[in-house]
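Some notes on this entry follow, as numbered points. Please read them with the structure open.

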Amino acid sequence: MLTLQGTVNPLWFHDAEQLVAGSGQMFFVADHVDTGRELWVSNGKSGKPEDTHLVVDLISGTTGSDPRSLVTGGTDVFFSIVNSGGDRVAYVSNGTPTGTRQLLGTIPTPVDVDNLILNAGNLYFTGTDSGGADQLYVANKGTDYTLEQLTSFDLSSGLSIEQLALAGD
């Protein structure tokens, strides 16, 4: 069980939410006066900066990247952010600045990423393709989380994917 011990300086961050734990780390989203809403990590030992800190300022300045839909798998956390172009895209982090990156593939990058869910180490989520249609995507663990598009819905179909759920074992 991961617990945060000690006192966290309230000037570091505020409004911590979306707490998820994985492999001895707790990831969460918090506001900071200098960075806006960004991803934070704690090892649960104390509130000292070496134990509880901002992972990386993904959008420079006070705007923040507004991470959402955090899910953990092993030592990684998956989430979506709003990039500098205003698109919500998929990211993965191991809790370090160099281990935090956008999920990419040989397909055009999906936007409006939502409904992140892990199954057997693979990340599934919904997003909007370059044609404006909702699609289902996967980031396969075996390919270093390279993105693949699983559906090819046409915008004219009017289909909208609202939620994903796991079934079975």
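1. In which sense do β11 and strand β12 pair, and over how many bridges? In this predicted model, β11 and β12 (residues 146-149) run antiparallel and are joined by 4 bridges. The two strands make a hairpin with 5 residues between them. In the turn, Asp144 has a positive phi of about 60°.

2. Ala139 is a convenient residue from which to read this region. Ala139 belongs to strand β11, which covers residues 134-140, and stands opposite Leu147 in β12. Leaving aside residues up to four places away in sequence, Ala139 touches Leu103, Asn122, Leu123, Tyr145, Thr146 and Leu147. Leu103 is 36 residues from Ala139 along the chain, yet their C-alpha atoms are separated by 7.5 Å.

3. Is Ala139 buried or exposed? Ala139 counts as buried because its relative accessibility is 0%, where the cut-off for buried is under 20%. As background, nonpolar side chains in soluble globular proteins tend to be buried together.

4. The largest nonpolar core has 14 residues, and those touching the most other members are Val71, Phe78, Leu103, Leu116, Leu123, Phe125 and Ala139. Two or more residues of this core come from each of β7 (88-93), β9 (111-119), β10 (122-128) and β11. The largest share, 3 residues, is supplied by β9.

5. Phe78, listed above among the core members with the most such contacts, merits its own entry. Not counting residues up to four places away in sequence, the residues that Phe78 touches include Leu103, Leu116 and Leu123, which are also named in that core. Other contacts of Phe78 include Ser69, Leu70, Gly73, Tyr91 and Tyr145. A second core, separate from this one, has 12 residues, among them Phe27, Val29, Val77 and Val89.

6. On the overall fold, the protein has 12 strands and 0 helices. Its radius of gyration is 17 Å, close to the 15 Å that the globule rule gives for 169 residues, so the protein is as compact as a globular protein of that length. The C-alpha atoms fill a box of roughly 55 × 40 × 25 Å along the principal axes.

7. Some totals for the whole protein: buried residues make up 44% of the 169 residues. Among contacts with a separation of 6 or more, 40% are between residues 24 or more positions apart. The exposed area is about 8800 Å², of which carbon and sulfur atoms supply 51%.

How values were computed:
Residues numbered from 1 in each chain as written. Predicted model: local features only at pLDDT ≥ 70, side-chain atom pairs only at ≥ 80, totals over all residues. Heavy atoms only, no water. Buried < 20%, exposed > 50% of the residue type's maximum accessible area, 1.4 Å probe, protein only. Contact = heavy atoms within 4.5 Å. Pairing = 2+ DSSP bridges. Core = buried A, V, L, I, M, F, W, Y, C linked by side-chain atoms within 4.5 Å. Rg over C-alpha atoms; globule rule 2.2 N^0.38 Å. Areas by Shrake-Rupley, 256 points an atom, 1.4 Å probe, with all protein chains shown as cover.
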